[in-house]
Amino acid sequence: MAGTQSATEKVAARLAGARSPWVALTGAGMSTESGLPDFRSGSDRKVVVSTVPYSQFCSDPDARWAFWQQKSALHDAYVSAIPHRGHSLLARWEQEQRLLGVITQNIDGLHQKAGSSVLELHGNMHQVCCLECEFQDAASEWVEQFRQTNTVPDCPHCGAPLKHATISFGQNLSPSVLQKAWCWSKQASGMIVIGTSLTVSPAAELPRVAKQAGAELIIINREPTPLDDLADIVIQAEAGATLARIQDALARAQP
Ligand code: NAD
């Protein structure tokens with residue numbers, strides 16, 4: 001692996017000379033610098049995602065209550081989190097037509113807050129939706145209702161249970177989001193992967209899709225990932241600082 005400084009300069013040179021836009025693929029490590037813990041860093045798994053499988057949510061009222069309890073406990077941290085410089089740089093690169101947008105596994109909405117076009121593979125923590133009808137709404141008032149009543153809220157239209165618009169274990173991803181993520185991965189001339197352990201499918205398959213379509217592959221992560229051998233450049237470092245160094249190198253190359 002090349003030293004971090006020269007690696008960031010190499011990434012900048014490839015991004016600056018790209019024949020068409022790249023795409024970013026991010027995971028929970030993109031948000032740790034905004035104060036949201038990831039899932040797998042180090043040895044201990046943190047309970048930052050709901051542990052209630054989708055089938056249990058649908059069939060078991062106690063599981064539904066446990067789901068709402070976990071989500072409500074996390075809600076304030078997710079609402080108050082703000083994007084860091086790395087999020088802003090990805091949005092800037094999209095404005096500069098260096099990026100198509102961001103494919104993310106994150107449910108925190110920070111890329112949207114920073115201004116990126118985003119494909120959310122695992123949904124969004126800030127919305128709730130009905131399991132039976134089309135009803136969707138901002139999560140905050142329903143979290144407040146749950147806290148006050150200690151009861152899982154029902155859809156105001158059809159009475160079915162409401163659920164945060166995140167993808168639970170065993171729940172299907174949105175086919176349209178997944179299809180677009182596949183398209184972006186095939187279309188992009190480079191993929192920059194940031195802050196993910198690349199252990200959750202289908203997100204972990206997208207770098208292979210991009211590579212097979214001829215894209216350059218850059219991986220920025222604190223720890224090794226299972227796809228490091230596939231990458232053209234691997235940078236084991238912090239997401240925000242690394243993206244800032246790439247931006248500095250871009251600015252030096254194109255004043
Ligand atoms: P993960 O926890 O499996 O892996 C995160 C990776 O990021 C780790 O390898 C870690 O070393 C690295 N990392 C942590 N901080 C970093 C930093 N500042 N700079 C560079 N690398 C850093 O996360 P995943 O691969 O996204 O899978 C976890 C699942 O949990 C996802 O499906 C996601 O939906 C969910 N999740 C989301 C959030 C969020 O929305 N912020 C937070 C936790 C978990």
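Colleague: How do you know that L243 is in contact with residues outside its neighbours within four places in sequence?

Modeller: This is a predicted model, and contact means heavy atoms within 4.5 Å. With those neighbours left aside, L243 is in contact with M30, G86, L89, L90, W93, I192, I194 and I220.

Colleague: What makes the largest nonpolar core a core?

Modeller: A core is a set of buried residues of nonpolar kinds, joined through side-chain atoms within 4.5 Å. The largest such set here has 25 residues, and L90, W93, I192 and L243 have the most contacts inside it. Among the elements that give two or more residues to this core are helix 1 (4-16), helix 4 (85-95) and strand 7 (190-194). Helix 9 gives the most, six residues.

Colleague: Which residues does the second, separate core include?

Modeller: That core has 23 residues, including L119, L173, A188 and L227.

Colleague: Now the ligand. Why is the pair between T196 and the ligand called a polar contact?

Modeller: The cut-off for a pair of N or O atoms is 3.5 Å. A polar side-chain atom of T196 lies 2.7 Å from an oxygen atom of the ligand, so the pair counts as a polar contact. For N221, a polar side-chain atom lies 2.9 Å from a ligand oxygen. In the case of G195, a polar backbone atom is 3.5 Å from an oxygen atom of the ligand.

Colleague: How much of the ligand does the protein bury?

Modeller: The protein buries 97% of the 860 Å² that the ligand exposes when taken alone.

Colleague: And what surrounds the ligand?

Modeller: There are 29 residues around the ligand, with R40, Q105, H122, T196 and S197 the closest. By class, ten are nonpolar, twelve polar and seven charged.

Methods
Residues are numbered from 1 along each chain as its sequence is written. This is a predicted model: local features need pLDDT of at least 70, side-chain atom pairs count only at pLDDT 80 or more; totals for chains, interfaces and linings use all residues. Side-chain values use heavy atoms; hydrogens and water are left out. Buried means under 20% relative accessible area, exposed over 50%, partly exposed in between (1.4 Å probe, protein chains only). Helices (H or I, at least four residues) and strands (E, at least two) are DSSP runs, numbered from the N terminus. A residue is near a molecule or strand if one of its heavy atoms lies within 4 Å of it. A polar contact is a pair of N or O atoms within 3.5 Å; within protein, one must be able to donate a hydrogen and the other to accept it, and residues adjacent in sequence count only if both atoms are side-chain atoms. Accessible areas come from the Shrake-Rupley method with a 1.4 Å probe; for residues, only the protein chains shown count as cover. Ala, Val, Leu, Ile, Met, Phe, Trp, Tyr, Cys and Pro count as nonpolar, Asp, Glu, Lys and Arg as charged, and the others, Gly among them, as polar.
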